[in-house]
Amino acid sequence: MTAVIELDRVSKDFVVMRKKGRLRRERMTVAAVDDISLRIDTGELVGYIGPNGAGKSTTIKMLTGILVPSSGTVRVVGLDPQRRRVELASRIGVVFGQRTQLWWDLPLIDSFDLLRHVYRVPADRHRANLRRFVDLLELEPFLHSPVRQLSLGQRMRGDLCAALLHDPAILYLDEPTIGLDVVSKARVREFLAQVNRDEGVTILLTTHDLSDVERLCSRLVVIDHGHVIHDGTVAEIKTMFGDTRTVVVDLEEAGPSLVVPGAEVVEVDGPRQWLRFRRSEVTAAEVIAAVVGQARVRDLSIEEPDIEDVVTRIYTSG
Amino acid sequence: MAELATTLHLYRVLAVAKVRADWQYRSQFLLYMTTQFFITFLDFLQIAVIFGAVDSLAGWSLLEVVFLYATSGMAFYLGDAFISQVERVGGYIKAGTFDALLIRPAGTLVQICANDFAFRRLGKLLQASIVMVIVLARLDVEWTPGRLVVFALMIPSGTVIFSSIWVIGASITFWTVDSGELANTFTYGGNFATQYPLDILGTWLRRFLTLVVPTAFVNYFPALYVLGKPDPFGAPGWVRFISPLVALTMAVAARAAWTGAVRHYRSTGS
Ligand SMILES: Nc1ncnc2c1ncn2[C@@H]1O[C@H](COP(=O)(O)OP(=O)(O)OP(=O)(O)O)[C@@H](O)[C@H]1O
Ligand SMILES: [Mg+2]
């Protein structure tokens, strides 16, 4: 595997003026990214998550050449984004979920044509790419509508197409599913998975929607206060931080909370009870045996923690 | 050279797109263009009014002053049409859209100027060009090859000088987002000052417009040569010929200012 993105001890400080007292203002240095080292290989699909202000967008901006790091070195497809911004720009695609890059007042198709000139994509190459992405993203029905008339979901699909028309090796997405409904989200995810799998595009995406990460990403990098606090697969993270399981039992009749050693009843809803336990302390079989010994059980299931819980735990413990 | 051709091509493509987008609001567009066309005549009218009261202005005849007006106007409105959009950069920074320019494989300056190109601004340029044609037809000048060359270089040099002032002004905006007004003083003020012979201005202002914000090189000095007039202040003769050099120097300064400004943005993110 070859690294397409390498960050070596990268930091980014911002100087901000903060109000102090009524008139005085004080210069403060904010370490938005603080000594991050990271290596992403060709073809990876990495979720980059962290609470608000963790430094996600700042990292992406350094990887695109928008911002220059305060210290450390960044290499993207072997280039230094600080000095080779223009050259790098042709090799990467960027989508900012908050803001479209399409020409607001023109039909969607015109934006694509303009980008062909901006990125100097050969005409036949452009045509082939456009046809493929228009099909995959189902853009045909609104290809000739002005961008300002598109729904958020349609516009995001347009932005995705726009970011990929010049065959970038890497796609950065900063909150690509923000504001989208469930159906649009699913569609965007499916498309990203496909682009990653079929075209080998390396993808780095930030999101606050953890189901994006769970469905999509092979690897999860969690940052907080500018530090990487976890880097691993989704499954690894779940096992490390998601040691708990919950047994959900439906009893024949409603009764008092069950008493099971090593497990704790966290919720009771009529005949249904939720018992949480740590796998390192008791096994599911032991918990179930104890339950069955106390009451008549009609139905039973074991729940894994969802990623939301896991990440909340990481944020609060990190 | 290839880089220049690419840049110009990109400018044209983006500007045409903007014109097409604006065309959807064409009634506003035509109204603006027509009003601008006539409003620009007001400046011109002012000159006529002055000459209704006096026969000459510091030794300059009506036609000669109109010549200054037309050269200044063409240079200024060319800059106004193609480069002045750069003064909007403060808005880009505030809205965070400057980032979007930096992720494209192209210069930021050409993108801003082309993205905000407004065809309607050409109305003013048209007015200045018409005045130029009229004044050239009536002006009593013996067109030696030397005068033709100096005249031919006046408008390109003037355009570059005004444009550079716009770019430098916009570069300053990166440090103090609300300094747009200051830059306007130099560009619009410079345009106004170059509509009249420098002779009527006070010494300090004259020096300022020669040495600091060198709009005197847009038309005054080369016009002395083209119209065969003596320099009332006894500046050396070669001063009349250096407008292209001044323009080049200004362009280099503008490029440096812009590069510095973008570097500042890329390190502070604002
Ligand atoms: N241009 C800037 N000037 C000053 N401070 C900044 C600038 N950009 C970001 N910051 C600060 O740097 C920190 C990291 O911001 P960043 O935008 O990278 O966070 P984020 O992880 O993307 O957060 P969110 O999830 O809210 O988008 C924050 O404290 C933010 O206020
Ligand atoms: Mg962010």
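These are my notes on B:Arg104 and on the interface of chain B and chain A.

**Ground rules.** I am working with a predicted model, where local features need pLDDT of at least 70 and side-chain atom pairs count only at pLDDT 80 or more, while totals for chains, interfaces and linings use all residues. Residues are numbered from 1 along each chain as its sequence is written, chains are lettered from A in the order in which they are written, and side-chain values use heavy atoms, without hydrogens and water.

**B:Arg104.** I found B:Arg104 in the loop between helix H5 (98-102) and helix H6 (108-115) of chain B; helices are DSSP runs of H or I, at least four residues. B:Arg104 is buried (under 20% relative accessible area, 1.4 Å probe, protein chains only). I looked for a salt bridge (side-chain nitrogen of Lys or Arg within 4 Å of a carboxyl oxygen of Asp or Glu). B:Arg104 has none; the nearest side chain of opposite charge, A:Asp159, is 6.9 Å away. Its side chain does make a polar contact with that of A:Tyr119, at 3.4 Å. I take a polar contact as N or O atoms within 3.5 Å, one able to donate a hydrogen and the other to accept it; residues adjacent in sequence count only if both atoms are side-chain atoms. I also listed contacts (heavy atoms within 4.5 Å) beyond four places in sequence; among them are A:Arg85, A:Trp103 and B:Gln111.

**Interface.** I counted 29 residues of chain B in contact with 28 of chain A. The rule finds 2 salt bridges across the interface. B:Asp99 and A:Lys61 meet in a salt bridge (3.3 Å, N to O). H1(B) gives the most to the side of chain B that touches chain A, with 8 residues.

Technical notes: Helices (H or I, at least four residues) and strands (E, at least two) are DSSP runs, numbered from the N terminus. Buried means under 20% relative accessible area, exposed over 50%, partly exposed in between (1.4 Å probe, protein chains only). Lys and Arg count as positive and Asp and Glu as negative; His and the chain ends are not counted.
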